[in-house]
Number of protein chains: 2
Amino acid sequence: MDGAHSDATLLGPGDDAAIVASPDGRTVISIDTQVQDQDFRLQWPNGYRTTGFDVGWKAAAQNLSDINAMGARATSMVVSLTLPPETAVGWVEDLADGLTAGIRELGAASCSVAGGDLGRGREISVTVAVLGTLDAGAPVLRSGARPGDVLALAGTAGHAAAGLALLESDVPVDALSDGQRALVELQCRPRPPLASGPAARAAGATAMLDISDGLLRDGMRLATASRVAVDLNPGPLKRLADALRPAAELLGMDPGEWVLGGGEDHGLLATFPPGSPLPHGFTAIGSVQALGINEGPGVKIAGRSADTGGWDHFAH
Amino acid sequence: MDGAHSDATLLGPGDDAAIVASPDGRTVISIDTQVQDQDFRLQWPNGYRTTGFDVGWKAAAQNLSDINAMGARATSMVVSLTLPPETAVGWVEDLADGLTAGIRELGAASCSVAGGDLGRGREISVTVAVLGTLDAGAPVLRSGARPGDVLALAGTAGHAAAGLALLESDVPVDALSDGQRALVELQCRPRPPLASGPAARAAGATAMLDISDGLLRDGMRLATASRVAVDLNPGPLKRLADALRPAAELLGMDPGEWVLGGGEDHGLLATFPPGSPLPHGFTAIGSVQALGINEGPGVKIAGRSADTGGWDHFAH
């Protein structure tokens, strides 16, 4: 698979392996697979047909987000495609276009596709391994949050989940408002805030991860890795949910569940030392608390455990 | 997925991405996918059942071979597994064991599994991205062969193809001789000569690639990239074929076709300047020739084009 070469690609496609610059002597690396009927459907209940462009974009976005979540900057991708023999060539070209468009439009200007591999299977599967650099900085891990830190969000939460609910509904795309259609687009072509990861690192973020499985589950991961509790404030959660209310009302669903349980927007959840100004793009949504005696790591909403009523407390 | 940490793994599994050392400021990177029923069968016609260990080993071997073929040394792998929900946990544990055993027993002591990803699909699919270092040396590309160079092979050729033919036959494994069974084992658990890639680079190899699709096809790739013809000597080809004769006779097949057309042994095909001593493990099997007027890159056997009789000339 060809791609525009960036400075980081020292040897591109065509040999047994590619060679990529790792300027500070370290390489940040992540890998992720999207499989047909698991991570996307070719045809959705509401009639929308997933394009190759969507799948390519999403593969780029998901992987770039993992690099972003370390506070790093992507330098390169390698792609392994598995395709059923009946896949239309145009669909595959579209996928390659979506991949490069995602890289470019999401702002990963220093990243290019350095190589790839193509094989056959019964279902479409796209695996991307993405490489990045920390530009001589320290990575932001999940484990560094300290009691008293501010918990902050960059990007959106729940939009992709709302888009998924719309795709799985029987409301045709044509009947959606512009705002509702934008949610569908965000599910198909996520927009992780790629400038925010390195900005958080520069601003002294103590912990960070990308929200791929929802605020509650990813918040729990941060809490567990850092041995703390994270406490979400109802105010910002309500504002996040309010933005999704038109879609929720159309479907008779609860926008709060999308905000707390929806991943795939690939926003960033990060913690910052108390009193330090948040970098551009981040909004405070809670705080980090020390664990009480006999208390395990957990996620709370306004001080109440999210799995014993906190959710309901906020949602209704 | 956990793995023993090597010096190169600065941050292992558990965060959004792993961090791997790239000591000379460059990273060699390759990616490859194995899919059930395409790259392996869970149950073969001869009765052999592919183990998770086999699949893990083969995934390691194939990817390590790509790094080897650049003259580089593997430092790290990330693995993305797609599994049908009914896959037995024991099979998956076996796969992880095969992966780490392959890395260790093939001699990639500096390599470890730095991270991974697990998802669901209708068929088993294993993608590995492998990272390597050139230890401050220059990579050996496919494009550097020069007229007069010696063409040499490290490792075996045709053994994995013979093993495949045995697996696809109706001769049960129990009825095979030790030698025949070893061919089956090499198909299931290839043994690329990992010391030979860096040794070839150190010895001044001008071009190199790993044989994944057979001497003829991979020879053609080297010839095309280097704008030369490569001429195989019948003597060494015959010796390679003779080693496969017991299996060929059992199946009534031509061992020469395995030698010329069989990949998956992941031997190395390399070219060396005339007169320079070949590194340990390499055997001369031919030479590099300048292209004649109006002649395109190609593969010959004893001076005759391999696709216009050269093959037959050798095989019979």
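## Close-up views of a two-chain predicted model

**View 1. Two helices of chain A pack side by side.** Helix α1(A) and helix α2 (residues 89-105) of chain A pack at an angle of about 40°, and their axes are 6 Å apart. Here, axes are lines fitted to C-alpha atoms, for helices over the stretch in contact, and angles run from 0 to 180 degrees between N-to-C directions. Helices (H or I, at least four residues) and strands (E, at least two) are DSSP runs, numbered from the N terminus. This is a predicted model, in which local features need pLDDT of at least 70, side-chain atom pairs count only at pLDDT 80 or more, and totals for chains, interfaces and linings use all residues. Residues are numbered from 1 along each chain as its sequence is written, while chains are lettered from A and ligands numbered from 1 in the order in which they are written.

**View 2. A look at the residues between the two helices.** The crossing of α1(A) past α2(A) is right-handed; a crossing is right-handed if the near helix is turned clockwise from the far one by less than a right angle, and left-handed if anticlockwise. Among the residues that α1(A) brings to the meeting are Phe53(A), Val55(A) and Trp57(A), and α2(A) offers residues including Trp91(A), Leu95(A) and Ile103(A). Two residues are in contact if their C-beta atoms, placed from the backbone, lie within 7 Å. The residues of this helix contact divide into 13 nonpolar, four polar and three charged. In this sorting, Ala, Val, Leu, Ile, Met, Phe, Trp, Tyr, Cys and Pro are nonpolar, Asp, Glu, Lys and Arg are charged, and the others, Gly among them, are polar.

**View 3. The two domains of chain A meet.** Domain 1 (9-133) and domain 2 (150-315) make up the domain assignment of chain A, with bounds from an automatic or database domain assignment. Their C-alpha centres lie 25 Å apart. In the contact, 23 residues of domain 1 of chain A touch 26 residues of domain 2 of chain A. On the domain 1 side, the largest share, nine residues, comes from α1(A).

**View 4. One sheet is built from both chains.** This open sheet of six strands runs in the order β1(A)-β2(A)-β3(B)-β6(B)-β4(B)-β5(B), with mixed pairing. Strands pair if DSSP finds at least two bridges between them. At the edges are β1 of chain A and β5 (112-120) of chain B, each pairing on one side only. Where the chains join, β2(A) and β3 (residues 26-35) of chain B run antiparallel and share four bridges; Ala21(A) stands opposite Arg26(B) there. Further along, β3(B) pairs with β6 (residues 125-133) of chain B over eight bridges, also in the antiparallel sense, and Thr33(B) faces Thr127(B).

**View 5. Chain A touches chain B around an axis.** The contact takes 47 residues from chain A and 47 residues from chain B. On the chain A side, β3(A) gives the largest share, nine residues. A turn of 180° and a shift of 0.0 Å along the axis lay chain A on chain B with an RMSD of 0.0 Å. That is the relation of a two-fold axis. The copies are superposed by least squares on the C-alpha atoms of residues with pLDDT of at least 70 in both. Which residue of chain A comes closest to the rotation axis? Gly25(A) does, at 2.3 Å (C-alpha). The same surface serves both copies, and 100% of the contact residues of chain A recur in chain B.
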